[in-house]
Amino acid sequence: MFSLLKAIVSIRMSIEHAVEMRGISKRFGTVQALNGVDLELRRGELLGLVGDNAAGKSTLMKTLYGSVIPDAGEIFVEGQKAALRNPRDAQALGLAMIYQDLAVFNNLDVAANVFTGREYTKRVLGITFLDKKRMYAESEALLSRLRINISSPKLLVERMSGGQRQMVAVARAIGFDATILIMDEPTAALGVKEANTLLDLMSELRDQGISIILITHRISDVLSIGDRVMVLKGGERQGVLDVADSTLEDVEYLIVRGRPDGSS
């Protein structure tokens, strides 16, 4: 009977959640960065992750991405328990993380960035060459599908604005068939127009079924496009709010004062 109930719970979890993190703890020396944190990311939702500096946001997401190994806790991806020992393990499960400092190659063009690590090749007279024609064609199709306004996949990234570079990073993640996207402060260094363009893209991705976790200090970004927002403080989860029923003041209260009754 217990096994049957456990199976039913597992099936339900797999239906509802793209990611579930249970009791994640991490200590760096004397600093308790995370203390028993739970997180649930529903399929096809945009979850905001907010909190002051040193709240544990980036550490929690690096744990999900395999960059940091937790001291305790479990992670489930698409209902299956995951052993994430490095980012390659996470990528194999459909996760991608776009860091604030962007890991794009400025000296390469858009297509080369999109296909970094999975370049197409062809053989001519026994010699292997990059199949640039195919990569340009597929990059252009990807940009079009994502409605990214970049005129040509042949453009050098170093000539692009910060917002366009973010778009290239997103295109590369989706090009690797990512279904779960973690974005770390993507609008922090952008102007209002570029930030809004990127937020529109994130909404479009969510509508296409991509599950997104957005780490940000700009609470207004989450309230404008998000479904739920989770607050961390001192390495502990303070609460998860439905955006439709919450205000800026509600979120700020949890960030500053934490949960009022000890619940999460």
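A residue is termed partly exposed when its relative accessible area lies between the buried class, under 20%, and the exposed class, over 50%. In the predicted model examined here, arginine 218 has a relative accessibility of 28% and therefore counts as partly exposed. Its salt-bridge partner is aspartate 221, with the closest N and O atoms 3.4 Å apart. Aspartate 221, by contrast, counts as buried because its relative accessibility is 5%.

The structure contains 13 salt bridges. One of them pairs arginine 43 with glutamate 78, and the closest N and O atoms of this pair are separated by 2.3 Å. Arginine 43 is located in the loop between strand E2 (31–42) and strand E3 (46–50), whereas glutamate 78 belongs to the loop between strand E4 (72–77) and strand E5 (80–81), so the salt bridge ties together parts of the chain that are 35 residues apart in sequence. Arginine 43 is partly exposed, at 37% relative accessibility, and glutamate 78 is likewise partly exposed, at 27%.

A further salt bridge is formed by arginine 206 and aspartate 227, whose closest N and O atoms are 3.0 Å apart. This pair also links distant parts of the chain, 21 residues apart: arginine 206 lies in helix H7 (residues 192–207), and aspartate 227 in the loop between helix H8 (219–225) and strand E11 (228–233). Arginine 206 counts as buried, because its relative accessibility of 16% falls under the 20% limit. Aspartate 227 is partly exposed, with a relative accessible area of 31%.

Technical notes. Residues are numbered from 1 along each chain as its sequence is written. This is a predicted model: local features need pLDDT of at least 70, side-chain atom pairs count only at pLDDT 80 or more; totals for chains, interfaces and linings use all residues. Side-chain values use heavy atoms; hydrogens and water are left out. A salt bridge is a side-chain nitrogen of Lys or Arg within 4 Å of a carboxyl oxygen of Asp or Glu. Helices (H or I, at least four residues) and strands (E, at least two) are DSSP runs, numbered from the N terminus. Buried means under 20% relative accessible area, exposed over 50%, partly exposed in between (1.4 Å probe, protein chains only).
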